[in-house]
Structure formats: C-alpha cells, structure tokens
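These are my notebook entries on one structure. I record what I looked up, in the order in which I looked.

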Amino acid sequence: MKLVFAGTPEVAVPALDALIASDRHEVAAVVTRPDAPAGRGRRLVASPVAERAEEAGIEVLKPVRPRDEDFLARLREISPDCCPVVAYGALLPKVALDVPARGWVNLHFSLLPAWRGAAPVQHAVMAGDEVTGASTFLIEEGLDSGPVYGVLTEEVRPTDTSGDLLTRLAFAGAGLLAATMDGIEDGTLHAVPQPVEGVTLAPKISVEDAQVQWSAPALRVDRVVRGCTPAPGAWTLFRGERLKLVQAVPVLDRTDLAPGELSVGKNNVYAGTGSHAVELLWVQPQGKKPMRAADWARGVRIAHGELLGL
C-alpha cells in the first residue's frame, strides 16, 4: 500500500522505521506537528519523526491544523491507501479521515477500551496495572473508540517508569503496526468493534496531577513517581520550593514517620506517607540537575522533623 505516516515524538520513530523497512509498502510522506521551540535558546526544532523522515528522503508535511486546505489538497494529491498513526498529537477532522481508502490506523499504547486518551502508559503505571499493551484500531471521530485490528500485551514491571514501559511498547508496537498494514493490504485482517464495558480514560497528566500527596499510602506515592517519570515529573514542596522526585521506593518495615516527615541517615533519606515510608533515591531541586537524595540532604541540612509538602 501507499502510506502517509502521521506521528511526532521519539516514541513514534520505531514504527516509522518498521514501515520504511517493509518491502510491502511505500511511505510516500510523513505528517507531523510543526517545528517547536526547544532548549534554552528556544530555537525552532523539527520533531523526531520529521528528522527521521528527512534522513530517509521522505516528504514531510507540517500543517498547523490538519483541516488546513493546503494540507488536505496535498494529501488528496498523494492519494494514500492508508495512513498509519502513532502519537501524532492533533485531532483529525472527518474531511481528513475520508481521504485514504482504507482509513487512518492508530497504534495506541493500551489494551482498548482501557485507557483511551493522551496518556495511557502513565495512567496504567499510576493505577498499578500489572499488564498493559498496545492496540491498532481504525480511527473514528470519537476518542480512541474505533474498531480494533490487533493487540499485544506487555507486563508492567514493579520498577517501571512510564518512560521505561513506553520504550518497550514503542518497539513492540512497531511490529504490530507493520503487521496490521500487511493484514489490511492482503485482506486477512478485519477490525472488530471495541467492547462497551471496561472503558477507562487517560487524559494528559498535568503538573498539578504530578504533585505527591504524602497522606496517600506508600504504594500510591511510588506509582505517582514512576508514572510521572520522565514527564511531567513528580514533585513536592520543600521549604517553599519545588523538589522533583526522580526515584523513590517503598520501605515496608518503616512506619515511624508522619506523612511527609523526613528522616536522614548516613546514606539514606526517608519520607513518611499515609502507610509506611518511602526511601528517596534521586531528587532534582528547582533549577538544578538530578542528584542522589543523600547528597541533596547533606547540602540542605534537614532539621529533625522537617516536612515535605505544604
């Protein structure tokens, strides 16, 4: 099939690579979000998908909105058979969905209908799911509600951050998306409607959502830290300034600390929760680089009974 691939961040690159490598399909063009400011200089930088497409000599389309007439005209001109999508980052209007004969097929990082929305992997980690996965489905106008072509499952490991899990799903999902294109092309794969039961939503995680509540149980604190790593980053307040929590682990045998109360040993930093303590392993003070929590604690000279949080 002639394909137009839509995607933006680094997590979409493995799927693009898999389709470029396919001897059954042609990636005629790539659709991605416009260049965005990045770094201290805030200079405009192309998306990882745009950079990879340019390396491969593939035409790159960067519409401000996917309903822009210039973009739609070029899409009709290319006349793709199918448009595979991975984390494109913009809603596709019906006028764009109607262009490819076999539709737009999205690789979504959850087992649909669970975790429909922008942040399925983060929500799976924060909810304590033991198994998640990826699904390919035909995009409709609803939110991740279209019929499903294929799925794969992936174990959520006890120490997984959302970044760890998403990386594994990106590479496994690349194979699933390529296989889905093959099955659509040869007629062996047909989309099946999603169940009406089991729908959960996964909206984007805000900075406010990533604030650690020390009155919550230690397992909840652990999940929030892992689920919000690397972005937006779990955080708390210390002496009125934000302190990012990069890594923290529950300590099941310590229950003597009040929620948010700090206890510092020679090489350990503990914080109380609503159940047992967590050990802070890595933190990032405001305006600084990540550092070992023990080094941070030595530098700030924590007083006895000092608290994290409000």
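**Entry 1: the hairpin and its partner strand**

I began with β10 and β11, which form a hairpin with two residues between them; Arg239 in the turn has a positive phi of about 55°. The model is a predicted one, in which local features need pLDDT of at least 70 and side-chain atom pairs count only at pLDDT 80 or more, while totals for chains, interfaces and linings use all residues. Residues are numbered from 1 along each chain as its sequence is written, and side-chain values use heavy atoms, with hydrogens and water left out.

I noted that helices (H or I, at least four residues) and strands (E, at least two) are DSSP runs, numbered from the N terminus. Two strands pair if DSSP finds at least two bridges between them. I found that β10 (residues 235-238) and β11 (residues 241-251) pair in the antiparallel sense over four bridges. Leu237 has Arg242 in β11 as its bridge partner. I then followed β11 to β14 (residues 277-285): eight bridges join the two, which run antiparallel. Here Val249 is matched with Glu279 in β14 as its bridge partner.

**Entry 2: Trp296 and Ile302**

I looked up Trp296, which lies in helix α8 (residues 293-300). Trp296 counts as buried because its relative accessibility is 4%; buried means under 20% relative accessible area, exposed over 50%, and partly exposed in between (1.4 Å probe, protein chains only). For contacts I took heavy atoms within 4.5 Å. Not counting residues up to four places away in sequence, Trp296 touches Phe238, Leu243, Leu262, Val269, Val283, Pro285, Met291 and Ile302.

I went on to Ile302, in the segment after α8. Ile302 is also buried, with a relative accessible area of 18%. Leaving aside neighbours within four places in sequence, its contacts are Phe238, Arg239, Leu262, Val264, Trp296 and Ala297. The turn residue Arg239 of the hairpin is thus on the contact list of Ile302.

I also checked two C-alpha separations. Trp296 and Val64, 232 residues apart along the chain, are separated by 43 Å. Ile302 and Thr167, 135 residues apart along the chain, are separated by 37 Å.

**Entry 3: the seven-stranded sheet**

Which order do the strands of the open sheet have? I read it as β5-β2-β1-β6-β7-β8-β9, seven strands with mixed pairing. β5 (59-61) and β9 stand at the edges, each with a single partner strand, so one side of each has no neighbour in the sheet. The twist averages 20° from one strand to the next; axes are lines fitted to C-alpha atoms, for helices over the stretch in contact, and angles run from 0 to 180 degrees between N-to-C directions.

Within this sheet I examined β1 and β6, which run parallel and are joined by two bridges. The bridge partner of Ala6 is Val85 in β6.

**Entry 4: helices against the sheet**

I found α3 (residues 69-78) lying across β1, β2, β5 and β7 (104-108), at about 145° to β5. Helix α6 lies across β1, β6, β7, β8 and β9, and runs at about 155° to β9. In α1 (residues 13-21), the buried residues are Val13, Pro14, Ala15, Leu16 and Leu19. They pack against β1 (2-7), β2 (26-31), α2 (48-55), β6 (83-86) and α6 (162-186).

**Entry 5: Leu143**

I closed with Leu143, in the loop between β8 (131-138) and β9 (148-155). Leu143 counts as partly exposed because its relative accessibility is 47%.
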